[in-house]
Amino acid sequence: MVANIDTRVPLDFNPAVVQGLDGYAESTAHLVGETETALSEAYQGIAQVYDARAAADRNPVWNEAARVIETYNLAERLEGKLNKRIFTARTTLERGIATLEQELSAPVTTKASHPVASEIRAYAKGLSTGERMTFIRGAIAEGDETTATALLGAPPYLSGLDGKMQALLTREFHERMNPEAAKRVRLMKAADALLADRHSALGRALEKAIGAPPAKVRALREAKTAAERHFVMQAS
């Protein structure tokens, strides 16, 4: 967490934004700990580049080109470190998402021994498409496992469904029965999207902190290298 707000750094990089994500709660905060750390380090890294630029401006020995080059060198090192941190945080999130997605998409086990399971499927098959969907979704919403599993745990055609619709309804069933897992997936997906967005914005934020675009820095570096090469040749 950032203790003090630095007005030079875009607010989007403040790790406090994680607390506003869908699904964030005291019980799920640990799932996005790496996300908060990655944003915190990015926030501080951008601030470091601004500080470096200010320090370079106070150096009476360096001209403008030297100040830009030295600031860029620091930013380049920091960007590599921050990119790695964001990549690691996203990898952790994506693994967690994959595990929970598997849970929420797992096949439903029908309570086959229930004497009315086949009758429930026959009833649903006799309904119109709209009525069938209303019937199944109503059972899911009410937590009626007997009805829901009878329809979702058998081949879809027995209930008048197709495979895609059964998969969609199975997901809804799992989310209804396991709301905590659904909340965790929403949070981790939101955190992953947040990191992807901040990753793409990091280069622009660092460029602004440096005070010069990469093309200008490359030109200055090339000029510096050429000048230094000249002195080496003269001395040899």
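This is a short tour of the structure, going from the whole chain to two helix pairs and then to one residue.

**The whole protein**

Begin with everything displayed, and keep in mind that this is a predicted model. Colour the chain by secondary structure, and you should find eight helices and zero strands, so that reading along the sequence gives the pattern α-α-α-α-α-α-α-α. The radius of gyration is 28 Å, well over the 18 Å that the globule rule gives for 236 residues, and the protein is therefore more spread out than a compact globule. If you turn the model along its principal axes, the C-alpha atoms fill a box of roughly 95 × 40 × 25 Å. Of the 236 residues, 39% count as buried, and among contacts between residues at least 6 apart in sequence, 76% join residues at least 24 apart.

**Helix 2 and helix 7**

Next, select residues 64-104, which form helix 2, together with residues 179-210, which form helix 7. How are these two helices placed relative to each other? They pack at an angle of about 170°, with their axes 9 Å apart, and because an angle over 145 degrees counts as roughly antiparallel, helix 2 and helix 7 are described as roughly antiparallel to each other. Their crossing is left-handed, and the residues of the contact of helix 2 with helix 7 divide into 20 nonpolar, five polar and seven charged.

**Helix 5 and helix 6**

Now hide that pair and select residues 145-152, helix 5, and residues 163-177, helix 6, which pack at an angle of about 150° with their axes 10 Å apart. That angle makes helix 5 roughly antiparallel to helix 6, and the crossing of these two helices is left-handed. Show the side chains at the contact: helix 5 contributes Glu145, Ala148, Thr149, Leu151 and Leu152, while helix 6 contributes Gln166, Leu169, Thr170, Phe173 and Met177. Sorted by class, the contact of helix 5 with helix 6 has six nonpolar, three polar and one charged residues.

**Arg53**

Finally, select Arg53, which you will find in helix 1, residues 33-57. Is Arg53 buried or exposed? Its relative accessible area is 15%, and since buried means under 20%, Arg53 is buried. Leaving aside residues up to four places away in sequence, Arg53 touches Glu64, Arg67, Val68, Thr71, Ala209 and Ile210, and it is worth showing these residues alongside Arg53. For a last distance, pick the C-alpha atoms of Arg53 and Asn73, which are 20 residues apart along the chain and are separated by 11 Å.

Methods
Residues are numbered from 1 along each chain as its sequence is written. This is a predicted model: local features need pLDDT of at least 70, side-chain atom pairs count only at pLDDT 80 or more; totals for chains, interfaces and linings use all residues. Side-chain values use heavy atoms; hydrogens and water are left out. Axes are lines fitted to C-alpha atoms, for helices over the stretch in contact, and angles run from 0 to 180 degrees between N-to-C directions. Helices (H or I, at least four residues) and strands (E, at least two) are DSSP runs, numbered from the N terminus. Angles under 35 degrees count as roughly parallel, over 145 as roughly antiparallel, 65 to 115 as roughly perpendicular and the rest as oblique. A crossing is left-handed if the near helix is turned anticlockwise from the far one by less than a right angle, and right-handed if clockwise. Ala, Val, Leu, Ile, Met, Phe, Trp, Tyr, Cys and Pro count as nonpolar, Asp, Glu, Lys and Arg as charged, and the others, Gly among them, as polar. Contact means heavy atoms within 4.5 Å. The radius of gyration is taken over C-alpha atoms; the globule rule is 2.2 Å times the number of residues to the power 0.38. Buried means under 20% relative accessible area, exposed over 50%, partly exposed in between (1.4 Å probe, protein chains only).
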